[in-house]
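This report introduces one protein structure to a reader who has not met it before. Please keep the sequence and the model in view while reading.

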Amino acid sequence: MLAKAKGLKVITVASDKNKVRFAKKLGADFVIDRNTKDVESEVLRFTNQIGVDAVIDHVGAKTWPVSLEVLKIKGRMIACGTTTGGEAMVNIRSFYSKEAQIIGAYLGSKSQLVALHKFMKSKKIKPVIDSIFDLKDAKIAHQKMEKSNQSGKILLQVSN
């Protein structure tokens with residue numbers, strides 16, 4: 001939603017038909033169901049074999065090889081998560097021949113958060129919340145997340 005608000009084309013990867021529909025509803029230009037299509041082939045087909053300017057990879061080890069392969073020359077990969085593991089295999093030749101950049105992103109400064117909030121407010125962007133659980137039900141919330149059975153964020157609420 002942030003990228004679309006900046007006027008960028010967005011390609012996203014989803015894990016089932018419901019999440020494909022959800023991503024399209026949020027404004028993605030092209031959505032790939034990773035269970036039925038090869039992500040690298042589909043991205044390259046969509047970009048006429050050029051690749052993408054940037055990838056935001058929040059998955060980690062499992063997706064790093066594809067994230068780097070779909071970058072165009074001088075492309076950037078922003079790494080901000082390790083859900084599938086923190087050690088990835090990288091095709092070094094592909095990486096340096098593309099003159100690619102890998103950028104680590106871990107949170108941000110208070111001023112960046114304030115600027116993001118202002119941007120979201122000006123563009124009328126609201127976070128997508130799937131569900132809210134009481135803190136005492138954190139185990140149930142975590143199980144839902146592990147099943148990838150949500151569309152949006154799962155929140156934990158601290159009751160008084």
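Helices (H or I, at least four residues) and strands (E, at least two) are DSSP runs, numbered from the N terminus. The model is predicted, and local features need pLDDT of at least 70, side-chain atom pairs count only at pLDDT 80 or more, while totals for chains, interfaces and linings use all residues. Residues are numbered from 1 along each chain as its sequence is written, and side-chain values use heavy atoms, with hydrogens and water left out.

**Helix α6 and two loop residues**

Lysine 124, which follows α6, has a positive phi near 60°. The helix itself covers residues 110-122; its end C-alpha atoms are 18 Å apart, in agreement with the 18 Å that 13 residues should span at 1.5 Å a residue. That expected span is 1.5 Å times one less than the number of residues.

Glutamine 49 also has a positive phi, of about 70°, although it is not a glycine. The table places these residues beside glutamine 150, with exposure classed by relative accessible area: buried is under 20%, exposed over 50%, and partly exposed in between (1.4 Å probe, protein chains only).

| Residue | Loop | Relative accessible area |
|---|---|---|
| Glutamine 49 | between α3 and β3 | 57%, exposed |
| Lysine 124 | between α6 and β6 (129-134) | 74%, exposed |
| Glutamine 150 | between α7 (138-146) and β7 (153-157) | 18%, buried |

Apart from neighbours within four places in sequence, glutamine 150 is in contact (heavy atoms within 4.5 Å) with Lys19, Asp130, Lys144 and Met145.

**The sheet**

Three strands form an open sheet in the order β3-β4-β5, with parallel pairing. Two strands count as paired if DSSP finds at least two bridges between them. At the edges stand β3 (52-57) and β5 (101-104), each with a single partner strand, so one side of each has no neighbour in the sheet. Strand β4 (residues 71-79) joins β5 through four bridges, and arginine 76 has glutamine 101 in β5 as its bridge partner.

**The nonpolar cores**

A nonpolar core is a set of buried Ala, Val, Leu, Ile, Met, Phe, Trp, Tyr and Cys residues joined through side-chain atoms within 4.5 Å. The largest one has 13 residues, of which Val43, Val52, Val55, Leu71 and Met77 touch the most other members. Two or more residues each come from β2 (30-33), α3 (39-46), β3, α4 (64-69) and β4. The greatest contribution is that of β4, with three residues. A second, separate core of six residues includes Ala14, Val20, Ala28 and Val31.
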